[in-house]
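User: Hi! I'm new to reading protein models, and I'd like to go through one with you. Could you help me look at how its helices pack?

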Amino acid sequence: MSVILRPVEPHDLDVFDAEFQGQDGAGVHQWFGYRNPVAPRRRLAEDGMLGEEGGVLTVCDGHKVAGRIEWSKLLWGPPGTSWCWAIGIRVLADFRGRGIGTEAHRQIVAYLFDHTRAQRIQTNTDVENVAEQRTLEKAGFTREGVVRQAQWREGRWHDQVLYAITRDDHQQR
């Protein structure tokens, strides 16, 4: 396994479209219905999917596209001083269970702390997504609690587990 994060290329979007359609490809905890297929292509053309408010990188295992990881600003108070990055990942079905997600999380944490002023990076996952919870803990994230009925999916509300890592946590590793 040789995990690499790199900027999204146009052909990556074709892979994402093909692989993440429907619950089978997206996974039970990541299927939110069909989305506008033009929007990602427009964003790629406009800013390469890398902007001040967030971005997307392709996760590769060697030279093979294995998924995508993204981040966006989340406010906890005034935008100038009280923000953090919220991250999310999708790993293609054929690449799950091989440690790629753990390594991609480690790499995005290092990247964001090296290149931005963020003090905190957080993420959430479904309370039933035990595999992702293990991945986050292996990557150095701390479980902070349960956010009740926070995510709408499959016609009902789902509880989420909140995880975070701070710059201080990262530097101590």
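Analyst: Happy to! One term will help us right away: angles under 35 degrees count as roughly parallel, over 145 as roughly antiparallel, 65 to 115 as roughly perpendicular and the rest as oblique. Also keep in mind that this is a predicted model.

User: Got it. So at what angle do α4 and α5 cross?

Analyst: Their axes cross at roughly 45° and come within 9 Å of each other. Helix α5 covers residues 130–138. The angle falls in none of the other ranges, so α4 and α5 are oblique to each other.

User: Is that crossing left-handed or right-handed?

Analyst: The crossing of α4 and α5 is right-handed.

User: Which residues meet there?

Analyst: From α4 you have Gly101, Thr102, His105 and Arg106, and they meet Glu132, Thr135, Leu136 and Lys138 from α5. Sorted by class, this contact has one nonpolar, four polar and three charged residues.

User: Nice. What about α1 and α3, how do they pack?

Analyst: Helix α1 spans residues 10–19 and helix α3 spans residues 38–47. They pack at an angle of about 160°, and their axes are 10 Å apart. An angle over 145 degrees counts as roughly antiparallel, so that is the word for α1 and α3.

User: And which way does that one cross, left-handed or right-handed?

Analyst: The crossing of α1 and α3 is right-handed.

User: Who touches whom between α1 and α3?

Analyst: On the α1 side there are Pro10, Leu13, Asp14 and Asp17, and on the α3 side Pro40, Arg41 and Leu44. By class, that contact has four nonpolar, no polar and three charged residues.

User: Pro10 caught my eye. Is it buried or exposed?

Analyst: Pro10 is exposed, because its relative accessible area is 62% and the exposed class starts over 50%. This proline lies in helix α1. The C-alpha atoms of Pro10 and Ala45 are 8.9 Å apart, while the two residues are 35 residues apart along the chain.

User: Let's go inside. How many residues are in the largest nonpolar core?

Analyst: The largest nonpolar core has 35 residues. Those that touch the most other members are Val59, Ile69, Ile108, Ile121 and Phe141.

User: Which elements give two or more residues to this core?

Analyst: They are β1 (3–7), α1, β3 (54–61), β4 (64–75), β5 (83–91), α4 (100–115) and β8 (156–166). The largest share, six residues, comes from α4.

User: Why would nonpolar side chains gather like that?

Analyst: There's a general tendency here: in soluble globular proteins, nonpolar side chains tend to be buried together.

User: What is Val59 in contact with?

Analyst: If you leave aside neighbours within four places in sequence, the contacts of Val59 include Val3, Ile4 and Leu5. Lys64, Val65, Ala66, Gly67, Arg68 and Ile69 are also among them, as are Ile100 and Ala104.

User: Does α4 have anything else worth a look? I see Gln107 and Asp114. Where do they sit?

Analyst: Both Gln107 and Asp114 are in helix α4. Gln107 counts as partly exposed, at 21% relative accessibility. Asp114 is exposed, with a relative accessible area of 59%.

User: Which residues does Gln107 touch?

Analyst: Not counting residues up to four places away in sequence, Gln107 touches Val3, Ile4 and Leu5. The C-alpha atoms of Gln107 and Leu5 are separated by 7.5 Å, and these two are 102 residues apart along the chain.

User: Switching topic: where is Gly97?

Analyst: Gly97 lies in the loop between β5 and α4. At 85% relative accessibility, Gly97 counts as exposed.

User: Last topic: what is phi of Met49?

Analyst: Phi of Met49 is near 65°, a positive value in a residue other than glycine. For background, most residues other than glycine have a negative phi. Met49 lies in the loop between α3 and β2 (50–51), and at 4% relative accessibility it counts as buried.

User: And Gln149, what phi does that one have?

Analyst: Gln149 has a positive phi of about 45°, although it is not a glycine. Gln149 is in strand β7, residues 142–153. At 56% relative accessibility, Gln149 counts as exposed, whereas Met49 is buried.

Technical notes
Residues are numbered from 1 along each chain as its sequence is written. This is a predicted model: local features need pLDDT of at least 70, side-chain atom pairs count only at pLDDT 80 or more; totals for chains, interfaces and linings use all residues. Side-chain values use heavy atoms; hydrogens and water are left out. Axes are lines fitted to C-alpha atoms, for helices over the stretch in contact, and angles run from 0 to 180 degrees between N-to-C directions. Helices (H or I, at least four residues) and strands (E, at least two) are DSSP runs, numbered from the N terminus. A crossing is left-handed if the near helix is turned anticlockwise from the far one by less than a right angle, and right-handed if clockwise. Contact means heavy atoms within 4.5 Å. Ala, Val, Leu, Ile, Met, Phe, Trp, Tyr, Cys and Pro count as nonpolar, Asp, Glu, Lys and Arg as charged, and the others, Gly among them, as polar. A nonpolar core is a set of buried Ala, Val, Leu, Ile, Met, Phe, Trp, Tyr and Cys residues joined through side-chain atoms within 4.5 Å. Buried means under 20% relative accessible area, exposed over 50%, partly exposed in between (1.4 Å probe, protein chains only).
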